2 protein chains.
Amino acid sequence: MNKNIYMHIYNDYSAQIQSGSLSTGQKLPSENELAEAYGTSRETVRKALHMLSENGYIHKIKGKGSFVLDTQRMSFPVSGLVTFKEVSERLGRSVRTIVYENDCVPSTAEIARCLQLKDPGPVWKVVRAREIEGEKIILDKDYFLTTYVPSLSLEAATNSIYEYLEQKLNLPISYAKKEISVEEVTPEDKLLLDLYDYQHIVVVRNYVHLVDTTLFQYTESRHRLDKFQFVDFARRAQN
Amino acid sequence: MNKNIYMHIYNDYSAQIQSGSLSTGQKLPSENELAEAYGTSRETVRKALHMLSENGYIHKIKGKGSFVLDTQRMSFPVSGLVTFKEVSERLGRSVRTIVYENDCVPSTAEIARCLQLKDPGPVWKVVRAREIEGEKIILDKDYFLTTYVPSLSLEAATNSIYEYLEQKLNLPISYAKKEISVEEVTPEDKLLLDLYDYQHIVVVRNYVHLVDTTLFQYTESRHRLDKFQFVDFARRAQN
DNA sequence: TTTGACAACCTGTATATACAAGTATGGATT
DNA sequence: AATCCATACTTGTATATACAGGTTGTCAAA
């Protein structure tokens, strides 16, 4: 789990801050103290602290030290590739996944464009609804390159696809681009979700790349207006 | 401008990649070559490359090198504290700012809560509409702690407030939290924007902190549904 | 009491070095 | 031709060191 020293330190402190055992505003030990405590060098400690700072856990002030930020108010997700399953588990809500479709289909023109396919071959398509506290609120439409994902079991689709891809198929997922916009509801949305009379729906398009930069997955996550929330943490520079 | 060596390298390459003079997939010089070229050490080069990677400009592969990512497709903003003025200037659109309000007001209960005020004193309030290609599309409502921003000229409100705060007042803005959600339109929205018949509006709440972690500004940016877009870049880990 | 100089501590930047581990290449062996 | 291996090059992690510059508290001088 903690292969690297700096990851070890990062995990220690991110866990402590998330659990609340370190409270907001509290001062962390100095870099030199941490280096001694972990039996490592200051630079290694600094790498861990920099990550904590980047991810909104702490705040560093030159000449003073590192201080815990208010992560309770931050809620989730503090940006990053956080899957639906991860978020809902954290919130402790009753969640159910309904798989409407899970098979290999020829790619439409639109999907070929989204996945940057030259020759529109087949893609693996998964359509799922996410039911939270009894209401079908999110419609997830996933498309995978069959080169990397030749097929997917119903079990994997019902649970976390990411877990399956990373742990079973060992696919090296690297980075993703998210696009959030609001669009008019489609007949499919009305059919598969509990939409009431809402005329619009929040669409989160997710383009997922592997470490060799190939785009291998395109996901459309369609959220009912009233249940959508996105949280982002950003730093002005390298403070 | 380029106080630090690693900032210098970062600025050089981020500019080249944004301008397109380095094309997608192109390989950057190796860390050792860059260190020699800039007359610096490898660690300093690595700091710059890490920043380029974090901000979605490049992608590093162990044993191979650093490669330019497709930033054209990324569009803007690639997350971060990018102001409206910065974005619109990049897009080269005709933009006009209409200042509806720019004065000191007593804080309401809601504003006091957003700014975490103990005793609800006065705050500086700015209400502006953003007109893009002739349509009033965005309503920006800014609230500042009078401790830091005692007053604001109409000129500063019309142009970029951030520019004024950072360059004139020298306020050390550090980090911010964004919350995106969709809400029902208010009578004020209908009055001040060109909303057609839309019943909902995208609300981006922005909580801006200084380097001493004090929350000094709260901004509500209300976007017409059809014109809203948010782009985010995220890495799975420290690849 | 106030001011100023100083020391002690803190983080930020930069350098040099070492080794681990992934990638590509070319040559020898099979 | 195909396989294996050594080699050189790449990035990743870790250490030690040095100095710059911000922060805080102390102590002496005004």
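In the predicted model, Ser174(A) is buried, its relative accessible area being 0%. This serine belongs to strand 6 of chain A, which spans residues 173-184. Its side chain is joined to that of His59(B) by a polar contact of 3.0 Å; the serine of chain A is thus paired with a histidine of chain B.

Contacts with DNA strand C were examined next. The residues around this strand number 24, and those that come nearest are Arg42(A), Arg46(A), Ile5(B), Tyr6(B) and Thr40(B). Both protein chains are represented in the surface near DNA strand C: at least two residues each are supplied by helix 2 (31-37), helix 3 (42-54) and strand 1 (58-61) of chain A, and by helix 1 (5-19) and helix 3 (42-54) of chain B. By class, the residues of this surface comprise 12 charged, nine polar and three nonpolar. On the DNA side, sugar or phosphate provides 72% of the atoms of strand C within 4 Å of the protein, and bases provide the rest.

Individual polar approaches to DNA strand C involve both side-chain and backbone atoms of the protein. An N or O atom in the side chain of Arg46(A) is 2.8 Å from a phosphate oxygen of the strand. From chain B, Tyr6(B) places a polar side-chain atom 2.8 Å from a phosphate oxygen of DNA strand C. The backbone contributes through Gly63(A), a polar atom of which is 3.3 Å from a sugar or linking oxygen of DNA strand C.

For DNA strand D, 25 surrounding residues were found, with Ile5(A), Tyr6(A), Thr40(A), Arg42(B) and Arg46(B) the closest. Of the atoms of DNA strand D that come within 4 Å of the protein, 71% are accounted for by sugar and phosphate. The surface near this strand contains 12 charged, 10 polar and three nonpolar residues. Its contributors of at least two residues each are helix 1 (5-19) and helix 3 of chain A, together with helix 2 (31-37), helix 3 and strand 1 (58-61) of chain B.

Polar approaches to DNA strand D include both phosphate and base atoms. Phosphate oxygens of the strand are 2.7 Å from a polar side-chain atom of Tyr6(A) and 2.8 Å from a polar side-chain atom of Arg46(B). A base nitrogen of DNA strand D is approached by Arg42(B), of which a polar side-chain atom lies 2.7 Å away.

Helix 1 of chain B, one of the elements that supply the surface near DNA strand C, was considered in further detail. This helix has 15 residues, and its first and last C-alpha atoms are 21 Å apart, close to the 21 Å expected at 1.5 Å a residue. Its residues Tyr6(B), Ile9(B), Tyr10(B), Tyr13(B), Ser14(B) and Ile17(B) are buried. These residues lie on the same side of helix 1 of chain B, because the arc they cover around the axis is only 120°. Just after the helix, Gly20(B) adopts a positive phi of about 90°.

In helix 1 of chain A, Ala15(A) was examined. Ala15(A) is partly exposed, at a relative accessible area of 44%. Between Ala15(A) and Tyr57(A) the C-alpha to C-alpha distance is 9.9 Å, although the two are 42 residues apart in sequence.

Backbone torsions in two loops were also noted. Most residues other than glycine have a negative phi. Glu133(A), by contrast, has a positive phi near 50°. The residue is located in the loop between strand 4 (122-132) and strand 5 (135-145) of chain A. With a relative accessible area of 56%, Glu133(A) is classed as exposed, because this value is over 50%. In chain B, Tyr196(B) likewise has a positive phi near 50° and occupies the loop between helix 9 (187-192) and strand 7 (200-210). The relative accessible area of Tyr196(B) is 56%, and this residue is therefore exposed.

Cysteine residues were considered last. Over all chains, the structure holds zero disulfides. Cys104(A) has a relative accessible area of 41% and is therefore partly exposed. Cys104(B), at 41% relative accessibility, also counts as partly exposed.

Terms used: Residues numbered from 1 in each chain as written. Chains lettered and ligands numbered in written order. Predicted model: local features only at pLDDT ≥ 70, side-chain atom pairs only at ≥ 80, totals over all residues. Heavy atoms only, no water. Near = heavy atom within 4 Å. Polar contact = N/O pair within 3.5 Å; in protein donor to acceptor, adjacent residues only side chain to side chain. Helix = DSSP H or I, 4+ residues; strand = E, 2+ residues; numbered from the N terminus. Nonpolar A, V, L, I, M, F, W, Y, C, P; charged D, E, K, R; others polar. Disulfide = S-S within 2.5 Å. Buried < 20%, exposed > 50% of the residue type's maximum accessible area, 1.4 Å probe, protein only. Expected span 1.5 Å × (residues − 1). Arc of directions from axis to C-beta.
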